[in-house]
Amino acid sequence: MNIFLENVKQFLEWSITKVPDIFERIGNFFSYFEITIGLYTFVVRWVFPILAITIFLRCILPLLQGRKRASAWGYLMMMDGSRVPLKHWENSIGRSKVSDIVIALPFVSRNHAVLTFRDRAWYITDLGSKGGVKVNGIKIEAPQIVNYGDTISLAGVKMTLLPADEEESGLLQQDDYTATLIPSGRLFNSSAAFALILLFQFLGVIQVMLAMFPEVNLAVTLTFIVFIFAETLHFHIKHWLSRKYLELELLCYFLCGMSLFIVSSAAPDLLYIQLAAILFGMLVYSVLEFMISDLGRTRKLKYLLASTAIILLVLNLAIGETRYGAKLWINLGFITFQPSEFVKIAFVIVGTAALDKLLTTRNMTAFIAFSGICIGALVLMRDFGTVVVFFGTFIVIAFMRSGDLRTIALISSGALIGAMAVIAFMPYIASRFATWRNIWKYANTTGFQQTRTLIAAASGGLLGVGSGNGFLASIAAADTDLVFGILCEEWGLLIAFIVVLIIVFLAVYAVFLTKNCRSSFYAIAACGAASIFLIQTALNVLGTVDILPLTGITMPFVSRGGSSMIASWGLLAFIKSADDRIRPDKAGD
């Protein structure tokens, strides 16, 4: 017994002498680990911008290449024997210089008629011209089918409808919505660009997890595992089923990944909700892309979405929940959503129409009425940031529909007077303008968020302090209204600039597509959706840095918010549908 006690005593004495060494070793371990974390952060801060720039360039280059097939859907044989190609499904004919087929004669109306290809047949529609339209000598009163060989007379100017040439005749035998463009230029492999995006996200996840050490948040790991699996599955399904370029989806995968990084830093408890919104958004995008690929289905969808939008706005006014002075949300208990985000999709689709309807007063009046209902409801909800988005989009769509600058100038003047009245009679809005350009004067009150955002953004420099290492994440609305600030602080100005450039590119790309759009519907829908993206981004970024008043608008695809994320994916479907080019690797299919 004495021997045993002596051994225990000796062991305790030895242990006591070794305790400092043990703690020193543990301390050294954590010290080395911290050094490793710092070294990793230092390296990837340089890697991330290089990867982001490469991804951006690698995705936009294929989208900006390609050429129109040297063919037409048919021809018009003019009286002098010349043949005018019909390059679109809808071809305006008139004296106006912007008509697809210009007849520079004084007795032809500026917008005389529209020749439309739909349901495997050609139709001629009189747009209320003074000289009228005749088919084979008989004056038409309604849209009239025109067969090949028939003579069309516009105020006495005769022309004959001819089919496409033999090598092109297959176009008219295909489904109305088959792509008519062929690939050209360098062959880009979209899988390589997708691999770079996955690498960026993998390195980013490691950065976030290291920033959280020694705490471990399983939500971050699980969220990114599911997201990477979902985007990989979505990409491969699209690659297999679709013949179109996939770079638009790749850019949005990148933006959604950035959104999850920001939520991981600012509100990790909401990661699952944001992930669910991304996944549901992808589903909405795929369904909408399929629906609007057929103009017949789209016409039916148009009235359904318009009715649903009005119902949602009425419900929002009746039972909506007020937060931060605005009545924007409907709370169903198990889910809370923002109806105005979904109304954006309906707003774009209601603003579109076939060309033979665009130039009619009745159709334009209906769109103005719907716009008035939407904007009026948003004013009552005090969601003035979204009012600006809707009105800006209305101006773009109205101009594309009519081209009447005087009418648009009159509408804009009325809107300006209304805006001045709102500022004068609503103190909540007036306070925003009082703070605007004076945020440092109100640094501890109404300018608190923006001043802290500017300080944090400046501290990030070009490369950022690393995801999860930022100060701004603790400020209210950092991952929604002030998301540009947290991008600058944690990811650096270079990546923040790339994120903004991607959204700006969506707008530029929509304009790029309009020239060769097969239908005015797709051209207007793409530009309408792009306008929403561009205006939202401008309000978010410029409001954050106090160039414009802070309006509480989210950045598409990047800010936290389920309704905003789903709506952004839905709007992307309009831009995607305007591009009917075939990928080079699918050209032989």
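This section describes strand pairing, a helix packed on a sheet, and salt bridges in a predicted model.

Strand β12, residues 157-162, has two strand partners, considered here in turn. With strand β2, which covers residues 74-78, β12 runs antiparallel, and four bridges join the two. Within this pairing, Y75 is placed opposite L162 of β12. Strand β11, residues 151-154, is likewise antiparallel to β12 and is joined to it by four bridges. Here the residue of β12 that pairs with L154 is V157. Two residues separate β11 from β12 in a hairpin, and A155, located in the turn, adopts a positive phi of about 55°.

The side chains of β12 alternate along the strand. V157, M159 and L161 are directed to one face, where they are buried. K158, T160 and L162 are directed to the other face and are not buried. V157, the bridge partner of L154, thus belongs to the buried set, whereas L162, which stands opposite Y75, belongs to the set that is not buried.

A further sheet is open and consists of three strands in the order β14-β15-β16, paired in antiparallel fashion. Because β14 (321-323) and β16 (336-337) each have a single partner strand, they form the edges of the sheet, and one side of each is left without a neighbour there. The pairing of β14 with strand β15, residues 326-331, is antiparallel and comprises three bridges. In this pairing, T322 lies opposite K327 of β15. Helix α7, which spans residues 295-319, lies across β14, β15 and β16 and runs at about 100° to β15.

The model contains five salt bridges. One of them is formed by K238 and E289, whose closest N and O atoms are 2.5 Å apart. This pair connects distant parts of the chain, since K238 is in helix α4 (residues 218-241) and E289 is in helix α6 (residues 271-291), with their positions 51 residues apart in the numbering. K238 has a relative accessibility of 11% and therefore counts as buried. E289 also counts as buried, because its relative accessibility is 11%.

A salt bridge also joins the side chains of E249 and K576, with an N to O distance of 3.1 Å. Distant parts of the chain are again linked: E249 belongs to helix α5 (residues 247-266) and K576 to helix α17 (residues 562-577), the two being 327 residues apart. Both E249 and K576 are buried.

The side chains of D479 and R560 meet in another salt bridge, at 2.6 Å from N to O. D479 is in the loop between α14 (448-460) and α15 (483-514), and R560 is in the loop between α16 (520-544) and α17, so this pair ties together parts that are 81 residues apart in sequence. The two partners differ in accessibility: D479, at 4% relative accessibility, counts as buried, whereas R560, at 27%, counts as partly exposed. Finally, K238, E249, E289 and K576 are joined into one network by salt bridges that share partners.

Methods: Residues are numbered from 1 along each chain as its sequence is written. This is a predicted model: local features need pLDDT of at least 70, side-chain atom pairs count only at pLDDT 80 or more; totals for chains, interfaces and linings use all residues. Side-chain values use heavy atoms; hydrogens and water are left out. Buried means under 20% relative accessible area, exposed over 50%, partly exposed in between (1.4 Å probe, protein chains only). Two strands pair if DSSP finds at least two bridges between them. Contact means heavy atoms within 4.5 Å. Axes are lines fitted to C-alpha atoms, for helices over the stretch in contact, and angles run from 0 to 180 degrees between N-to-C directions. A salt bridge is a side-chain nitrogen of Lys or Arg within 4 Å of a carboxyl oxygen of Asp or Glu.
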